[in-house]
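Reader: I am a first-year student and would be grateful for a close look at one part of this structure. Please begin with a loop and explain what can be said about its backbone, and then continue to the parts that can be linked with it.

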Amino acid sequence: MANFAKEVSKDATSVSRNAAEKIAAVLIAAAQKNGRATIALAGGSTPKACYALMAADPLVKSLPWSKIQIYFGDERHVPKDHPDSNYRMANEALLNVAPIPRENVFPIATDGKDAVADAERFEKLLKEKFPGNAFPSFDLMLLGIGPDGHTASLFPGTPAPQELSRWATWCDPNAFNPSIQPPVKRVTVTPPVIWNAAQVFVLATGAEKTPMLAKIFAENEPQDAPVSRLLRKCKGKVTFFLDEAAAKF
Ligand code: 6PG
């Protein structure tokens, strides 16, 4: 059964501030306990303001950047400098701003032959960095929720949400839903990697997220359960950082 928590703030700005503070607290604790802290960043637009706060005073000075390893939960299969790249978004807001050693940042490679090959490269990277595990356990996995109910790049209609043995996979969401933006292939962690994270933070703001959040939180399995209802199988605590608009369910 899900170990869900909700932290509701007035608006998107206060959600970003609260989430940034709580992310910092998790990373500081993990670094103190284990000597390293591992985080998988979410993509999309919601987290950008949160990342910028992590790269600014006071948080930037409180974080032990030399002990923090930064990964990505998913990536659009575009060049790293492409406007749709999750890496570019995080680089502009955080990675290129905070004093983060470059050797601590592990982008999902997207310059391979195709998304299939780059998903294999991503899985190889994870297996190198999390050796000897059945699945990697990030200290913190950040996620968003898409309007179609996806999370990471586990899109409904694609095989990705059903990939339960590999650590990374790929998908072509537009082959199933032409309205998905941006219309590019994706590389993503698989559900077991999300389930195995020590903690998961979900950032969602705006009224358009409310219907999917309601279906994720519903006690009884809804008819049209969104892919992101898989969060109910997480072994760790899942904390939803919501604004009042998104939390009206
Ligand atoms: C991506 C993200 C995706 C995102 C949701 C929410 O690559 O787009 O990983 O899962 O978190 O689509 O996106 P917004 O924050 O832009 O609403």
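**A loop and its surroundings**

Author: Pro182 lies in the loop that runs between strand S6 (168-171) and strand S7 (186-189). The model examined here is a predicted one. Within this loop, the peptide bond that joins Gln181 to Pro182 is cis, and its omega is about -15 degrees. A cis peptide bond also leads from Asp57 to Pro58, with omega near 0 degrees. Pro58 belongs to the loop between helix H2 (48-54) and helix H3 (59-62).

Strand S6 also borders another loop, the one that begins after strand S5 (140-143) and contains Ala152. The backbone of Ala152 deserves attention: its phi is near 50 degrees, a positive value in a residue other than glycine.

Ala152 leads us to the ligand. A polar backbone atom of Ala152 is 2.6 Å from an oxygen atom of the ligand. The protein covers 88% of the 410 Å² of accessible area that the ligand has on its own. Side chains take part as well: an N or O atom in the side chain of Ser45 is 2.6 Å from a ligand oxygen, and for the side chain of Asn86 the corresponding distance is 3.0 Å.

Around the ligand there are 14 residues, and the closest are Ser45, Thr46, Asp74, Ala152 and Lys209. By character, this shell consists of two nonpolar, eight polar and four charged residues. The place that the ligand occupies is the largest pocket.

Charged residues also pair with one another elsewhere in the model. Side chains of opposite charge can pair when their charged atoms come close. The whole structure contains 13 salt bridges. One of them joins the side chains of Lys22 and Glu7, with a distance of 2.6 Å from N to O. Because Lys22 is in helix H1 (residues 12-34) and Glu7 in strand S1 (residues 4-9), this pair ties together parts that are 15 residues apart in sequence.

To return to the loops, then, Pro182 follows a cis peptide bond from Gln181, while Ala152 shows a positive phi and offers a polar backbone atom 2.6 Å from an oxygen of the ligand.

Notes: Residues are numbered from 1 along each chain as its sequence is written. This is a predicted model: local features need pLDDT of at least 70, side-chain atom pairs count only at pLDDT 80 or more; totals for chains, interfaces and linings use all residues. Side-chain values use heavy atoms; hydrogens and water are left out. A residue is near a molecule or strand if one of its heavy atoms lies within 4 Å of it. A polar contact is a pair of N or O atoms within 3.5 Å; within protein, one must be able to donate a hydrogen and the other to accept it, and residues adjacent in sequence count only if both atoms are side-chain atoms. Accessible areas come from the Shrake-Rupley method with a 1.4 Å probe; for residues, only the protein chains shown count as cover. On a 1 Å grid over the protein atoms alone, a cavity is a set of points where a 1.4 Å probe fits but cannot get out, and a pocket is an open set with protein on both sides within 12 Å along at least five of seven lines; lining residues have an atom within 4 Å of a point. A molecule sits in a cavity or pocket if more than half of its atoms lie within 2 Å of its grid points. Ala, Val, Leu, Ile, Met, Phe, Trp, Tyr, Cys and Pro count as nonpolar, Asp, Glu, Lys and Arg as charged, and the others, Gly among them, as polar. A salt bridge is a side-chain nitrogen of Lys or Arg within 4 Å of a carboxyl oxygen of Asp or Glu. Helices (H or I, at least four residues) and strands (E, at least two) are DSSP runs, numbered from the N terminus.
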